[in-house]
Amino acid sequence: MISWHEDPVLKVEHLTMRFGGLVAIDDVSFDVGRHDITALIGPNGAGKTTVFNCITGFYKPTEGTMELRQPEGPAFRLERLDDHQINASARVARTFQNIRLFAGMTVLENLMVAQHNGLSRASALTVGAILGLGNFARAEKAAVELARHWLERVGLVSRADEPAGDLPYGDQRRLEIARAMCTRPLLLCLDEPAAGLNARESDGLNELLYSIREQEKIAIFLIEHDMSVVMAISDHIIVLDYGKKIADGTPKAIRDDASVIAAYLGVPDEELPDAVSEVRL
Ligand SMILES: Nc1ncnc2c1ncn2[C@@H]1O[C@H](COP(=O)(O)OP(=O)(O)OP(=O)(O)O)[C@@H](O)[C@H]1O
């Protein structure tokens, strides 16, 4: 039995998303292992972002189920929740293809805003916040500590008081991941985290993602076009093409899969044997 089927944090079954006549995702099923780095890959327009948008509640899928399994306790049916509940209750966090930080707020403020849910719960409808006492003060201290922890992990402590929008691009990408981690997710979804990074920053990203998997014991699910990143860090790769799942396996199995190579090259079936012998992903 393969590990991601043994203990999935996310079980997606028969996911379908139609936009009018266009079938963006067509009956796709897969598991995301609880402690794995799982990559979702495929050519442009394959449906990757649409899958993310369904999982994180930005779209309601036309059909299918998405079960977020907690280590203990009940599973959450994500297709029945809105994006806020998916983040706050089911503990699914996400970053975006285009960075969405609060550019005018400081680096630290971005991490505090991410923890707003916990703080507003602790403030008992803000009375505690006004008095600056009790649960709110404790929760705020814990929030600052968690923010500081993640600033250290991503190497941005010295820039805590600078506006997030002033950071270089690679630092903003890492800050986004830190912000997502401040919501204490079970499943961290990253949409093209390596896009726009240079080789050194990309290596740093790989190390950060490894360390999150090792130390936080959570699942990382990423969309990525950079095959060197995907092949280097993934435990499990899922491949989409024209909205359908065409392959699902280890990096080695995917690298050797003829249908995957064909999808990337756009090669017709009859030319496939030649193309496969010439190209390896
Ligand atoms: N809100 C929408 N309305 C209509 N069509 C959409 C919508 N969102 C996505 N699509 C279509 O669904 C298909 C899949 O798009 P999607 O963005 O999920 O692909 P992708 O694999 O993420 O592509 P890329 O790698 O280019 O980001 C495309 O044909 C796209 O035009």
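Author: A residue is buried if 20 or more other C-beta atoms lie within 10 Å of its own. The model discussed here is predicted, and this count can be applied to its helices. In helix H8, 10 of the 13 residues are buried, so the helix is largely enclosed by the rest of the structure.

Reader: Which residues of H8 are buried?

Author: They are Gln 172, Arg 173, Arg 174, Leu 175, Glu 176, Ile 177, Ala 178, Arg 179, Ala 180 and Met 181.

Reader: How many Å should H8 span, and how far apart are its end C-alpha atoms?

Author: The expected span of a helix is 1.5 Å times one less than its number of residues. For the 13 residues of H8 (residues 169-181) this gives 18 Å, and the end C-alpha atoms are 19 Å apart, which agrees.

Reader: How many helices and strands does the protein chain have, and how much of the chain counts as buried?

Author: The chain contains 13 helices and 10 strands. Of its 281 residues, 40% count as buried. For contacts with a separation of 6 or more, 66% join residues 24 or more positions apart.

Reader: Into which domains is the protein chain divided?

Author: A domain may be assembled from separate stretches of sequence, as the bounds of domain 1 (1-91 + 185-281) show, while domain 2 covers 100-184. In the contact between them, 11 residues of domain 1 meet 11 residues of domain 2. On the side of domain 1 that touches domain 2, helix H3 (83-88) and helix H9 (199-216) each supply at least two residues. H9 gives the most to that side, with 3 residues. By class, the residues of this side divide into 7 nonpolar, 2 polar and 2 charged.

Reader: Which residues of the largest nonpolar core touch the most other members?

Author: This core has 72 residues, and those touching the most other members are Trp 150, Ala 178, Leu 187, Cys 189 and Ile 220. Both domain 1 and domain 2 give residues to this core, so it lies between them. Ala 178 is also one of the buried residues of H8. Leu 187 has contacts beyond four places in sequence with Val 9, Leu 10, Val 32, Leu 68, Val 92, Ile 218, Ala 219 and Phe 221.

Reader: Which residues are around the ligand?

Author: A shell may be read first as a list of residues, then by element and by class. The residues around the ligand are Phe 19, Leu 22, Ala 24, Gly 42, Asn 44, Gly 45, Ala 46, Gly 47, Lys 48, Thr 49 and Thr 50. Strand E2 (22-33) and helix H2 (48-55) each supply at least two residues of this shell, and H2 gives the most, with 3. The shell has 4 nonpolar, 6 polar and 1 charged residues.

Reader: Is H2 mostly covered or mostly uncovered?

Author: H2 is mostly covered, since 7 of its 8 residues are buried. The buried residues are Lys 48, Thr 50, Val 51, Phe 52, Asn 53, Cys 54 and Ile 55. Just after this helix, Gly 57 takes a positive phi of about 85°.

Reader: Is Gly 104 buried or exposed?

Author: A residue is exposed if 12 or fewer other C-beta atoms lie within 10 Å of its own. Gly 104 has 10 such atoms and is therefore exposed. Gly 104 lies in the loop between strand E6 (92-95) and helix H4 (107-114). Beyond four places in sequence, Gly 104 touches Pro 163 and Gly 165. The C-alpha atoms of Gly 104 and His 5 are separated by 43 Å, with the two residues 99 apart along the chain.

Conventions:
Residues are numbered from 1 along each chain as its sequence is written. This is a predicted model: local features need pLDDT of at least 70, side-chain atom pairs count only at pLDDT 80 or more; totals for chains, interfaces and linings use all residues. Helices (H or I, at least four residues) and strands (E, at least two) are DSSP runs, numbered from the N terminus. Two residues are in contact if their C-beta atoms, placed from the backbone, lie within 7 Å. A residue is near a molecule or strand if its C-beta atom, placed from the backbone, lies within 6 Å of it. Ala, Val, Leu, Ile, Met, Phe, Trp, Tyr, Cys and Pro count as nonpolar, Asp, Glu, Lys and Arg as charged, and the others, Gly among them, as polar. A nonpolar core is a set of buried Ala, Val, Leu, Ile, Met, Phe, Trp, Tyr and Cys residues joined through C-beta atoms within 7 Å. Domain bounds come from an automatic or database domain assignment.
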